[in-house]
Amino acid sequence: MAIAKAERLMNLALCLLGTRRPLSKRELRESIEAYLEAGSDDSFNRMFERDKDDLRELGLVIETVEGLDGEIGYLARRDSNRLPPITLDAEEAAALGLAAKVWQQARLAGAASGALQKLRAAGLPEDVDPYGPHGALEPRIPVHEAAFEPLMLACRDRRPVVFDYRKASAAQPEQRHVEPWALECWRGHWYLAGWDRDRGAERVFRLSRITGKVRSRGGRYTAPVPDVVTVRETVASWAGETADRSARIRLRSNAGYPLRAKATAVRELGDGWDELEIPYGHGLDAWLVEFGPDVVVLEPAELRADVVDRLRAVAKG
């Protein structure tokens, strides 16, 4: 049904943009197949009025003109609906090229490439190469998780989803019913922020822990979607970026460089070990587990216990 409506709106927009004179409702009905299939005049009138309002909400300027015979006609003048010329300087073009390179490992690469080609056709300076090298480092956001694309589309379309999720402390996955808000990349990992219907609270899910397929569900969201800034703060908090205390750990020498970058103090212990003081916030236990035998938690005791529990769960498979 969504595809049929989108096609109907597109056909109506093309009719209104392609005419040089106002078209009456009768003429529009005869020109668009979906309107011909309307069961009655009342059904067509309701459908047409909704479509007209939807197009106007999308930004199409539709004029209503009364003819000499008193009949009302509609048209969308091209000069009223033409976007201003696109002008990009070298720095702006370079930024767009850099953004396109970021997605080259994902299925969005084709869309990014097509967008730049359209910008070139719309007047991007010929002497600017948006794909050219702009530095020794090339940004990339790896997207290896199969759940990325269906979740990205679900966030865009505001569709609830269902998936199986295995927590780091659990041996088996469990089903989660989620209203997805946004995807965020943090420390090289992708996270989904959304409303967990089963728990009645906001939650953050790491995509690498989603097992099986992401399945869409009908119906509307039951919880309000927060501002994107709030979502980013939520992801940061759950990913361990928000810290209100410190933890002491032993770290094997020449290992765990991301941990060393976060450390507020480092002391050499000898025998191939160092002692680090690092910020302690939500999610630190899951992060420390990733370093395996290279990390030993000294304090606090609850963090040490959480890490041990996660390691035992991983060992059980």
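Helices (H or I, at least four residues) and strands (E, at least two) are DSSP runs, numbered from the N terminus. The model is predicted, so local features need pLDDT of at least 70 and side-chain atom pairs count only at pLDDT 80 or more, while totals for chains, interfaces and linings use all residues. Residues are numbered from 1 along each chain as its sequence is written, and side-chain values use heavy atoms, leaving out hydrogens and water.

**Exercise 1. Take stock of the whole protein.**

Task: Find how many helices and strands the protein has, and what share of its residues is buried.

Solution:
- Step 1. The secondary structure comes to 11 helices and 12 strands.
- Step 2. Of the 317 residues, 35% count as buried; buried means under 20% relative accessible area, exposed over 50%, and partly exposed in between (1.4 Å probe, protein chains only).

**Exercise 2. Follow a cluster of rings.**

Task: Work out which residues the ring pairs link to Y35 in a cluster.

Solution:
- Step 1. Recall the rule: rings of Phe, Tyr and Trp (its six-membered ring) pair if their centres lie within 6.5 Å; planes under 30 degrees apart count as stacked, over 60 as edge-to-face and the rest as tilted.
- Step 2. The structure holds 9 aromatic pairs. One of them joins Y35 and F44, edge-to-face, at 5.2 Å centre to centre with 70° between the planes.
- Step 3. Check the surroundings: Y35 is buried, at a relative accessible area of 0%, and F44 is buried at 4%.
- Step 4. Now turn to F48 and Y74: their ring centres are 5.3 Å apart and their planes stand at 65°, so this pair is edge-to-face.
- Step 5. F48 belongs to helix α4 (residues 41-57) and Y74 to strand β3 (residues 72-75), so their pair ties together parts 26 residues apart in sequence. Both F48 and Y74 are buried.
- Step 6. Put it together: ring pairs link Y35, F44, F48 and Y74 into a cluster.

**Exercise 3. Place strand β6 among its neighbours.**

Task: Decide why β6 is described as largely enclosed, and find the bridge partner of W195 in β7.

Solution:
- Step 1. In strand β6 (residues 189-196), 6 of the 8 residues are buried, so the rest of the structure largely encloses it.
- Step 2. Strands pair if DSSP finds at least two bridges between them. Strand β5 (residues 174-186) runs antiparallel to β6, joined by 8 bridges, and E179 stands opposite W195 in β6.
- Step 3. Strand β7 (residues 201-206) also pairs with β6 in the antiparallel sense, over 6 bridges. The partner of W195 there is E202.
- Step 4. Finish at the hairpin of β6 and β7: 4 residues lie between the strands, and G200 takes a positive phi near 60°.
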